[in-house]
Amino acid sequence: MRHAVLAVALLLWLSPADLLAQTTKLRVAICARTISMGVGSPFAVAMKMGWFKQEGLEVEIVPLPGSTDCVKTIATKEVPIALPSVEPLAILRPQGVRAKFFYTAYQTNTYGIAVPADSPIQKHADLKGKTIGVTNMSSAGVIIARAQAAAAGLNPDTDITIVVAGEGAQPAVMLKNKQVDALSQFDTQYALTEIAGVKLRLLDTSAIARHPANGFIALDETIKAQRKDLIALGRAYAKGEVFAIANPEAAVRMVYEVFPQTKPTGKDEATAIRDDVKVLSARMEHWKLEPAGVKKWGENSEVNYRDYVAFMLKWKIIKEKVDSNDLITNELIDEMNKFDAAKVTAEAKAYKAP
């Protein structure tokens with residue numbers, strides 16, 4: 001009884017500012033060297049709208065070079081949470097990295113092979129003898145290019161050539177100069193290529209469309225010990241996704257405000273916003289639930305993960321089979337979805353920048 005009285009007295013003595021200060025600092029690794037529009041928008045919206053604070057969190061974003069680095073950093077406990085793609089965890093989980101995806105952020109595959117709209121290449125078999133550009137040689141674009149070529153009956157070692165085409169406007173230049181015939185990159189990068197002046201056409205992605213892309217992972221022990229914090233992160237992030245889908249222009253402006261380094265230079269604000277809405281819109285398509293066959297934000301589809309594991313095993317991305325249930329957990333999803341998505345959508349549509 002005495003302890004309860006003291007607790008009430010302490011709460012009465014603390015000011016609202018003191019109570020607000022009782023937040024948990026949470027470091028979250030993103031698997032890219034810089035914060036971009038596609039990665040940063042849900043975080044920026046949740047920060048700007050105060051949703052992380054409402055959940056008792058102060059989120060620090062930690063940029064890392066790639067998904068493999070993210071998973072290794074989770075394994076060494078340098079950060080508690082990361083946002084990688086599936087492949088590194090599928091490789092490292094059997095080696096003893098006891099971590100799981102607890103929130104799938106990008107529900108569907110963001111990669112695919114694209115060609116200029118007027119290219120004679122119509123199907124993957126037409127890539128024989130062609131040069132395919134990737135962002136870098138450790139990119140998942142290399143895996144996708146080789147697997148799609150093999151599935152079309154080509155020898156990925158001899159029938160195609162894979163080269164580095166870089167990022168931003170550089171792939172557009174290489175396509176224009178015929179240095180590459182196709183690209184094996186991803187959604188937001190394709191939007192940037194089109195902004196740089198090359199209209200693209202995706203080759204058939206139906207075989208890989210439902211493969212999950214990036215999501216939040218944590219060690220099994222972290223999921224158990226920091227359950228409340230992980231639920232809070234997922235719920236605020238989900239609200240950020242819902243808001244951005246409903247009002248992408250407002251989301252772009254919030255990214256500029258929260259992460260000023262993302263605001264483009266050398267173009268007027270109206271052009272910058274128009275271009276970045278296009279980039280963000282490309283990524284938002286992979287946040288949506290219906291194409292993945294799920295009903296809740298962050299839900300991990302066991303079927304989609306199982307199919308992707310089978311794909312990776314078939315094309316030797318992973319050397320040994322891993323049970324998809326060892327990669328995912330949905331134990332936090334119901335709690336994360338305890339918010340009114342319709343209310344967030346309405347709030348987004350009515351939002352006016354101050």
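Cysteine 31 and cysteine 70 are both buried. The model is predicted.

**The disulfide**

These cysteines form a disulfide, with their sulfur atoms 2.2 Å apart. That pair counts because the cut-off is 2.5 Å between cysteine sulfur atoms. The count of disulfides comes to 1. The angle about the S-S bond is -120°, and the link of cysteine 31 and cysteine 70 is left-handed. It ties distant parts of the chain, 39 residues apart. Cysteine 31 lies in the loop between strand 1 (24-30) and helix 3 (37-48). Cysteine 70 sits in helix 5 (residues 67-75). In general, a disulfide is a covalent bond between the sulfur atoms of two cysteines.

**Strand 5 and its partners**

Strand 5 covers residues 111-116. Is this strand mostly covered or uncovered? Mostly covered: 6 of its 6 residues are buried. Strand 5 pairs with strand 8 in the antiparallel sense. Strand 5 also pairs with strand 9, again antiparallel. Alanine 114 has a partner in each: leucine 183 stands opposite in strand 8, and leucine 202 is the bridge partner in strand 9. The table sets out the two pairings.

| Partner of strand 5 | Residues of partner | Bridges | Sense | Residue paired with alanine 114 |
|---|---|---|---|---|
| Strand 8 | 182-186 | 4 bridges | antiparallel | leucine 183 |
| Strand 9 | 200-202 | 3 bridges | antiparallel | leucine 202 |

In a regular strand, side chains alternate between the two faces of the sheet.

Notes
Residues numbered from 1 in each chain as written. Predicted model: local features only at pLDDT ≥ 70, side-chain atom pairs only at ≥ 80, totals over all residues. Heavy atoms only, no water. Buried < 20%, exposed > 50% of the residue type's maximum accessible area, 1.4 Å probe, protein only. Helix = DSSP H or I, 4+ residues; strand = E, 2+ residues; numbered from the N terminus. Pairing = 2+ DSSP bridges.
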